[in-house]
Amino acid sequence: MLRAEGLRHAFGPVRALDDVSFTLQDGQTLAVFGPNGAGKTTLLKVVAGLIRPQGGRARVDGGRRAVGWIGHQPQLYAQLTVWENLRFWASLYDVAPSDAILARLGLDVHRDRLVRALSRGLVQRVAIARALVHDPRVLLLDEPFTGLDRMAAEEFRKLLAEQAASGRVTVLVTHNVEEGTELATDVAFMRGGRFVYLAPRAGRGAGEIGDAYRRAVAGG
Amino acid sequence: MLRHAWRIARKDLLIEFRSRTAILAVAVFTVLVLLVFNFGRDPTAVATRDLAPSILWVTFTFAAVLTLNRAFHLELENQALEGLLLAPVARGSLYLGKLLANLAFVTIVEAIGLPLFALFFNVPVLPVLPSLAGVIALATVGFVAVGTLFSAMTVRTRFAELLLPVLLLPFMIPPLIWAVLATAALFAGRPLSEAGGWLRLLGAYDIVFVTLAYLLFPATVDE
């Protein structure tokens, strides 16, 4: 379970988070949409524990060990191979990396290549493998589809759906309403550090969610 | 805790030995500094034996500052630092891992610099090598401990390369003075026991600053 209560945070005069609260039970996926500077990344960083909020609190069952994080940057070492990167990150969680995740993401043939020699899309796949290497219970994903080709994005969507079916909690931050809606059980729109909309998706498609988003955020 | 520290240090060493960029650059820098000192002094004005300890330690100091500058830059590439901070690794383990890796790098640079120093300045290093190695080790632990902390503090600032020496050099002055005095005693052929006071001070500096840096490190990396 993931619970955020009254989160507040500011960078100087800019309010990045302003009284944000939500609770996600096992198996729920919250898609957070919002324009640039709405506070989406700050929200994820606060929930992950990377930023201490100035107000409120976020609690993740299992603590830091339970969190899998994909940020704007892949958090990989360019001078290490794909496998060396995964082995290092897994070792910090006292687990061994599995070949299965490499195969699932089509990385098995790239296992011994240096990360610096990979394309942007392949690097993103390695970043996904890194985030999942310790089998986290909570996934915090910031624009995770960036750089992925259609096939890889489709495979990743399936992987996330399986994760949700097995009880993982996911917070998915994206600009792309279509991309996020498909996976979401709940939808939130952010503007100026606030949730201006938070509701279950309730079977609505990307079109309806997109209309709601425009009304709530863009005022259209 | 030490298990994670070792894994972080091993990763840093693997990356450095694979790229060899920093080690090579600092080794070349060390050679150049020694060459400048060698040709930039008047050997008839001051005896080499009197100048040698200062030259050795000035060279090691600048080489160490250069080496320490890269300690956390590695973690900014692709924001790996976020991953480290998110992992269930004690901040102290992260510090110790970085300290171990930095000690290894600085030791390598010193191991390259010492024979060149003996060659350029015709100083009989071999007869006092075990004692000199002890002095170098004691001094190195102290300033690398402080340097690793300051490297973490400055890495996210705009002028990290400039800020690190400005912050670090004042803290390096005490161990530098004690190391120069102990080294001078060794080069003068006096027994190690005569330098015992300086060595005890270096040891105390190491204990105090490794402990302080370990305790303060979490505050430098947490937002």
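A residue is called buried if 20 or more other C-beta atoms lie within 10 Å of its own C-beta atom. The exercises below apply this term to a predicted model.

**Exercise 1.** Determine how helix α7 of chain B is placed in the structure, and what it gives to the largest nonpolar core.

*Solution.* Begin with burial: 20 of the 26 residues of α7(B) are buried, so this helix is largely enclosed by the rest of the structure. Next, consider its length. The 26 residues should span 38 Å at 1.5 Å a residue, and the end C-alpha atoms lie 35 Å apart, which agrees. Finally, turn to the core. The largest nonpolar core has 142 residues, and A:Val32, A:Val47, A:Val126, A:Ala129 and A:Leu140 have the most contacts inside it. Helix α7 (residues 129–154) of chain B gives the most to this core, with 14 residues.

**Exercise 2.** List the contacts of A:Val47, leaving aside its neighbours within four places in sequence.

*Solution.* A:Val47 is in contact with A:Leu2, A:Ala4, A:Ala58, A:Val60, A:Leu140 and A:Val171. One of these partners, A:Leu140, is itself among the residues with the most contacts inside the largest nonpolar core.

**Exercise 3.** Establish where the buried residues of helix α2 of chain B fall when seen down its axis.

*Solution.* Helix α2 (residues 21–39) of chain B reaches 27 Å from its first C-alpha to its last, close to the 27 Å expected for its 19 residues at 1.5 Å a residue. Its buried residues are B:Val26, B:Thr30, B:Val33 and B:Leu34. Seen down the axis, they fall within an arc of 95 degrees, so they line one face of the helix. In general, an α-helix has 3.6 residues a turn, so residues three or four places apart point the same way. The buried residues of α2(B) pack against α3 (48–69) and α6 (91–121) of chain B. On the other side of α2(B), the exposed residues include B:Thr21, B:Leu24, B:Val28 and B:Phe39.

**Exercise 4.** Compare the radius of gyration of chain A with that of a compact globule.

*Solution.* For 220 residues, a compact globule would have a radius of gyration near 17 Å; chain A has 17 Å, which agrees. Buried residues make up 47% of this chain.

**Exercise 5.** Describe the side of chain B that touches chain A.

*Solution.* First, 20 residues of chain B are in contact with 23 residues of chain A. The largest share of the chain B side, seven residues, comes from α1(B). By class, this side has eight nonpolar, five polar and seven charged residues.

Conventions:
Residues are numbered from 1 along each chain as its sequence is written. Chains are lettered from A and ligands numbered from 1 in the order in which they are written. This is a predicted model: local features need pLDDT of at least 70, side-chain atom pairs count only at pLDDT 80 or more; totals for chains, interfaces and linings use all residues. A nonpolar core is a set of buried Ala, Val, Leu, Ile, Met, Phe, Trp, Tyr and Cys residues joined through C-beta atoms within 7 Å. A residue is buried if 20 or more other C-beta atoms lie within 10 Å of its own, exposed if 12 or fewer, and partly exposed in between; C-beta atoms are placed from the backbone. Helices (H or I, at least four residues) and strands (E, at least two) are DSSP runs, numbered from the N terminus. Two residues are in contact if their C-beta atoms, placed from the backbone, lie within 7 Å. The expected span of a helix is 1.5 Å times one less than its number of residues. The arc is that of the directions from the helix axis to the C-beta atoms. The radius of gyration is taken over C-alpha atoms; the globule rule is 2.2 Å times the number of residues to the power 0.38. Ala, Val, Leu, Ile, Met, Phe, Trp, Tyr, Cys and Pro count as nonpolar, Asp, Glu, Lys and Arg as charged, and the others, Gly among them, as polar.
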